[in-house]
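Here is a report on the packing of one protein chain. Cores, cavities and selected residues are taken in turn.

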Amino acid sequence: MISPLIKWDHSESWCVAKWDRNANLSQKIIEVNAGSDESPDNYMLDHCIDGICLYPATGYLVLVWKALAEIKGKDVLSLPVTFEEVKIHRATVLSKEVSTKFLIDITNAGEFEISEGGITLCTGRIYSQEESAKTDASELLRRKDLKSLSLKQSDIYKELKLRGYDYGPSLQGLVRADLEGNKGLLKWTGEWVVYLDTMLHISILSSPKPALCLPTRIQNRNMKINPILHKTVMNSALKEYNGVPVFHDKNTKRIISGGVQLKHLKTNFAPRHRNKQIPVLEEYRFIPYNKSNILSKSDAETVGRYIHVCSLLAQMMLELSGKNKDQISDIKKGFKEADELIASYLKSYTNSHALLKSLCGIINSEPRKDSKVLARYAKNYVKSYLSERNNDIISQTMLQETPLRTVMDVVFVNAASRRLKILEIAETSVPFSTKISEFAQNLGVLNVNNLIVHSTPDILEKKRTRLVLAERILSAAANTVLPIHTESDLEQIFKDLNLQVICKKSDSLTSTMYLLRKSADIPYENIVIPVIEDKYEKWVDDLSEQITMASMSSDPKRIWLVSEASNSGIIGLVNCLRQEPGG
């Protein structure tokens, strides 16, 4: 055994490498996953600025603070730090689908850089200090000052939202504040990013300009965070104030809360995005009481194509019934063939194509070459068509928004209350009152009561004012008469019943809509007051006097306001008068 004879020679010294476990911590990668509900970073989605979720600017500072604590091997809550010359180069948009990776680089001199995807986001300098000056805001906010904190949390964040700060519940940490934005109370949730960010809300609130501003720079040694002092202050403040006091001095541009002090925060105005909501387009135009061709261009084209197809099919039926070309030509009156259009309708006709369905049934019948049998079949289909005619799109033209709303607007404007009672006497599967109720509720009528009285077809039928070409052909083929009322007949009936026509709307195709009113037998004394623009003293007092006299008089009076100006304001004035008691 020679091992006892071998000894170490320590006569010479050699330099060897020593590995420091913190030497590789000057760079740190932190991944933020705000999209996951289970992630601790999920609250950052509430940091929404002008509709975009941005990573909070104070989040950059907390990342550097935690990285420095790890380099020094200390707990972040026992490491007071000071930031200086902080500059935010770019905002980071958070995604719900993809996590965001930040690279934090801190030099030995304390200079740091935060980057994401090779792009610099934030730079500055950080260093730790064992002792820090007292920065407790409770000395600046006495208990008696709490009475002046008139703004509640809902009021504060309603104002901030109008400026473009759409903070969610997690970021609404400013629970009380005064009107000037000088002092307030912050909520402590244990999250430093939230707390530091809500400290900035008091400065936003104090700004007289309702603009959107984003933090860009902290100059000099102007941000100090002392977590040790903050813990002491927080424990006492929560008991005394039920929140952590925050103080904002506009003159020195200083914000103090607990163990945090921030001075000379620089902000830049950010352009607002245009409102992404669909704008409501309103239009004011003259609507005559009597109008033909009331349908919109698209509705008129749809109905016109359908009538054209039915007319072509009716021509085919005439050819099967033995009519000669001259007779067909007299009834057809210039309609042109369109085989492709017919084919498209035949493939997809529905219950709203009652006329088309009846014509197809006659054409496809077995004994169609026998004109007498064909006429008998046509009579059966005419009866079927009459039972379904109200569902056909030709009979539905006046139930569209354009004709119906122009008539209902007249009713609502002249109604004495916002309640509407509808009585409909009809034998139809498509109640007219249903459409009226839909428009009434959309226009803000509070209460709509419907009453539908059904009658037998022999007593009352829903008749149209005109027949289209295909209906005339169908009537001729079946040797029967389709019931209609001409406009002249209807207007004579209205006159005999002492009904006054207020509105008359026609589609110029098949139907006409009337708005009627019982003619008044009471004679009114008409009083005419000319409205002169910009010379209110010449007619306002006269109008007031005439209204007073009319309300006290036993004789009925009617006051007319007449103006030749384009913007007289008569309609607005009358609407306001109607809202007055007794209006």
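## Nonpolar cores

The model is predicted. Its largest nonpolar core has 68 residues. Phe83, Phe112, Ile114, Leu196, Met223 and Ile225 have the most contacts inside that core. A separate core holds 27 residues. Ala354, Leu355, Leu356 and Leu469 are among them.

What does Ile114 touch, once neighbours within four places in sequence are left aside? Its partners include Tyr60 and Val64. Phe102, Leu103 and Ile104 are in contact with Ile114 as well. So are Ile119, Thr120, Leu121 and Cys122.

## Cavities

A search of the whole structure for cavities of 30 Å³ or more finds 3. The largest cavity encloses about 100 Å³ of space. Which elements give two or more residues to its lining? They are α1 (57-72), β4 (81-88), α3 (192-206) and β11 (213-218). Helix α1 gives the most, with 3 residues.

The lining comprises Ala57, Thr58, Leu61, Val86, Ile88, Leu196, Leu200, Pro215, Ile218, Met223, Leu262 and Leu265. By class, 11 of these residues are nonpolar and 1 is polar. No charged residue lines the largest cavity. Two names recur from the core: Leu196 and Met223 line the cavity, and both are listed with the most contacts inside the largest core.

## Thr58 at the cavity wall

Thr58 is part of the lining of the largest cavity. The residue sits in helix α1. Is Thr58 buried or exposed? Its relative accessibility is 5%, so Thr58 counts as buried.

Beyond four places in sequence, Thr58 is in contact with Val193, Leu196, Asp197 and Leu200. Of these partners, Leu196 and Leu200 also line the largest cavity.

## Ser506

Ser506 belongs to strand β20 (residues 499-506). Ser506 counts as buried because its relative accessibility is 4%. Its side chain makes polar contacts with backbone atoms. The backbone nitrogen of Ser508 is reached at 3.0 Å. The backbone oxygen of Ser511 is reached at 3.5 Å.

Which residues does Ser506 touch, not counting those up to four places away in sequence? Lys291, Ser292, Asn293 and Ile294 are on the list. Met398, Arg466 and Glu487 are there too. Ser511 and Thr512 complete it.

## Val407

Val407 lies in helix α10 (residues 401-414). Its relative accessible area is 4%, so Val407 is buried. Val407 touches Lys505, Met513 and Leu515, with residues up to four places away in sequence not counted.

How far apart are the C-alpha atoms of Val407 and Ile287? They are separated by 9.8 Å. Along the chain, the two residues are 120 residues apart.

## Positive phi angles

Lys253 has phi near 55°, a positive value in a residue other than glycine. Lys253 is in the loop between β13 (244-249) and β14 (254-257). With a relative accessible area of 46%, Lys253 is partly exposed.

His264 also has phi near 55°, again positive in a residue other than glycine. The loop between β15 (260-263) and β16 (265-269) holds His264. Its relative accessible area is 30%, so His264 is partly exposed.

Notes: Residues are numbered from 1 along each chain as its sequence is written. This is a predicted model: local features need pLDDT of at least 70, side-chain atom pairs count only at pLDDT 80 or more; totals for chains, interfaces and linings use all residues. Side-chain values use heavy atoms; hydrogens and water are left out. On a 1 Å grid over the protein atoms alone, a cavity is a set of points where a 1.4 Å probe fits but cannot get out, and a pocket is an open set with protein on both sides within 12 Å along at least five of seven lines; lining residues have an atom within 4 Å of a point. Grid points are joined across faces, edges and corners, and a volume is the space filled by probe spheres set on the points. Helices (H or I, at least four residues) and strands (E, at least two) are DSSP runs, numbered from the N terminus. Ala, Val, Leu, Ile, Met, Phe, Trp, Tyr, Cys and Pro count as nonpolar, Asp, Glu, Lys and Arg as charged, and the others, Gly among them, as polar. Buried means under 20% relative accessible area, exposed over 50%, partly exposed in between (1.4 Å probe, protein chains only). A nonpolar core is a set of buried Ala, Val, Leu, Ile, Met, Phe, Trp, Tyr and Cys residues joined through side-chain atoms within 4.5 Å. Contact means heavy atoms within 4.5 Å. A polar contact is a pair of N or O atoms within 3.5 Å; within protein, one must be able to donate a hydrogen and the other to accept it, and residues adjacent in sequence count only if both atoms are side-chain atoms.
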